[in-house]
Amino acid sequence: MARLPVIVVLCLLFPSAYAQQNTANTAPPAAQSCVACHGAQGQGTGSYPHLAGLGEAYFKRQLDAFASGERVNAIMKPIASGLSEEQRQALAGYFSALAMQPGGGQAGEAPTGPGRELALHGRWQQDLPACVQCHGPGGLGIGADFPPIAGQPAGYLRNQLKAWRSGDRPAGPQGLMGHIAEQLDADDLKAVAEYFASLPAAKEANNE
Ligand code: HEC
Ligand code: HEC
């Protein structure tokens, strides 16, 4: 058997301990220009979505889509177009590694009713899976491709669903969201957006 250097063996035995030493998350200079709307910690402000903890691949895809105009937004278009490929990648890495703080986002009293029904159980007559099947329990996201939606502003969430319906946003991996949004009517959009907006954007630390 080939002899491995001691450090490699230690890394193999204690991967998490060694990984942690390399996770200093320094803000790339371009992140300064995001603060005014998305907050100093990417926590979002007012009607602007939070960026902290969005998956890296998802994040990069959105910046590319804003820049190309595939995802239509008059504010983000010039910002994303002005960033180089490397800057977009660096920003995606940075914000995806920032954690949302418990209490962040737009959490309030979660409404019961049709929005909650759709979120937790879907609607089988229409072939609609529950939102949480892909967006995770509590809408906190799964992996790099299924973004967290809990605690995002209700207006923002509703606009995204509308954008899929009108073709102003690319449908994403396997066209999943395009297919889903198509089947929701105006009342559904409003109800489900209000439901997810009211959920906390991060778990309590002792509740992980
Ligand atoms: C002047 C305000 C403003 C500034 C500055 C700004 N943004 Fe945005 N950003 C927005 C708005 C508005 C949206 C929502 C767009 C939509 O509805 O599709 C958004 C959405 C986004 C999204 C999509 C989030 C999601 O959940 O899909 C990303 C990613 C993003 N911004 C990254 C950035 C980065 C990185 C910077 C800094 C380089 C930045 N933004 C600076 C206003 C701003
Ligand atoms: C089969 C999987 C799947 C289901 C079920 C699903 N989604 Fe999604 N959703 C996705 C994927 C994948 C994306 C990322 C799309 C992209 O990359 O552009 C997404 C993105 C979103 C976004 C954009 C988030 C942001 O930050 O801009 C919203 C809002 C959303 N989904 C709402 C919903 C709602 C509401 C439901 C239930 C009615 C739902 N989704 C059900 C897969 C799913």
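**Two ligands between two domains**

Let me start with ligand 2: 23 residues surround it, and the closest are Cys 131, Cys 134, His 135, Tyr 156 and Met 177. Before I go further, please keep in mind that this is a predicted model.

So what coordinates the iron atom of ligand 2? His 135 does so through NE2 and Met 177 through SD, at 2.0 to 2.2 Å. The site of that iron atom has six donor atoms, and with angles of 84 to 178 degrees among them it is octahedral. His 135 belongs to helix α8, residues 131-135, and Met 177 to helix α10, residues 176-182, so the pair ties together parts that are 42 residues apart in sequence. Are these two residues buried or exposed? Both His 135 and Met 177 are buried.

Now the rest of the surroundings of ligand 2. Helices α4, α8, α9 and α10 each give at least two residues to its shell. Which of the helices has the largest share of that shell? That is α9, with four residues. By residue class, the shell around ligand 2 splits into 16 nonpolar, four polar and three charged.

Let's look at the oxygen atoms of ligand 2, since several side chains reach them with polar atoms. For Arg 61, an N or O atom of the side chain is 2.7 Å from an oxygen atom of ligand 2. Arg 169 has a polar side-chain atom 2.9 Å from an oxygen atom of ligand 2, and for Gln 62 the corresponding distance is 3.3 Å. Where does ligand 2 sit with respect to the domains? Its shell takes residues from both domain 1 (31-97) and domain 2 (114-207), so ligand 2 lies between them.

Let's move over to ligand 1. Here 23 residues make up the surroundings, and the closest are Cys 34, Cys 37, His 38, Tyr 58 and Met 76. Helices α3 (35-38), α4 (56-68), α5 (76-81) and α9 (154-166) each contribute at least two residues to the shell. Around ligand 1, the largest share comes from α4, with five residues. As for residue classes, you will find 16 nonpolar, six polar and one charged in this shell.

The oxygen atoms of ligand 1 have polar partners as well. A polar side-chain atom of Arg 71 is 2.9 Å from one of the ligand's oxygen atoms. Tyr 156, which we already met among the closest residues to ligand 2, places a side-chain N or O atom 3.0 Å from an oxygen atom of ligand 1. Gln 160 has a polar side-chain atom 3.0 Å from an oxygen atom of ligand 1. And the domains? Both domain 1 (31-97) and domain 2 (114-207) supply residues to the shell around ligand 1, so this ligand lies between them.

Before I finish, a quick word on the backbone. Two residues other than glycine have a positive phi: Asp 127, near 65 degrees, and Gln 174, near 55 degrees. You can find Asp 127 in the loop between α7 (114-121) and α8, while Gln 174 is in the loop between α9 and α10. Why does Asp 127 count as exposed? Its relative accessibility is 54%, and the cut-off for exposed is over 50%. Gln 174 counts as exposed too, because its relative accessibility is 76%.

That's my tour, thanks for listening!

Definitions and conventions. Residues numbered from 1 in each chain as written. Chains lettered and ligands numbered in written order. Predicted model: local features only at pLDDT ≥ 70, side-chain atom pairs only at ≥ 80, totals over all residues. Heavy atoms only, no water. Donors = N, O, S within 2.8 Å, 3.2 Å for Na, K, Ca; no water. Tetrahedral: all angles 85-135°; square planar, octahedral: opposite > 155°, others 65-115°. Buried < 20%, exposed > 50% of the residue type's maximum accessible area, 1.4 Å probe, protein only. Near = heavy atom within 4 Å. Polar contact = N/O pair within 3.5 Å; in protein donor to acceptor, adjacent residues only side chain to side chain. Nonpolar A, V, L, I, M, F, W, Y, C, P; charged D, E, K, R; others polar. Domains from an automatic or database assignment.
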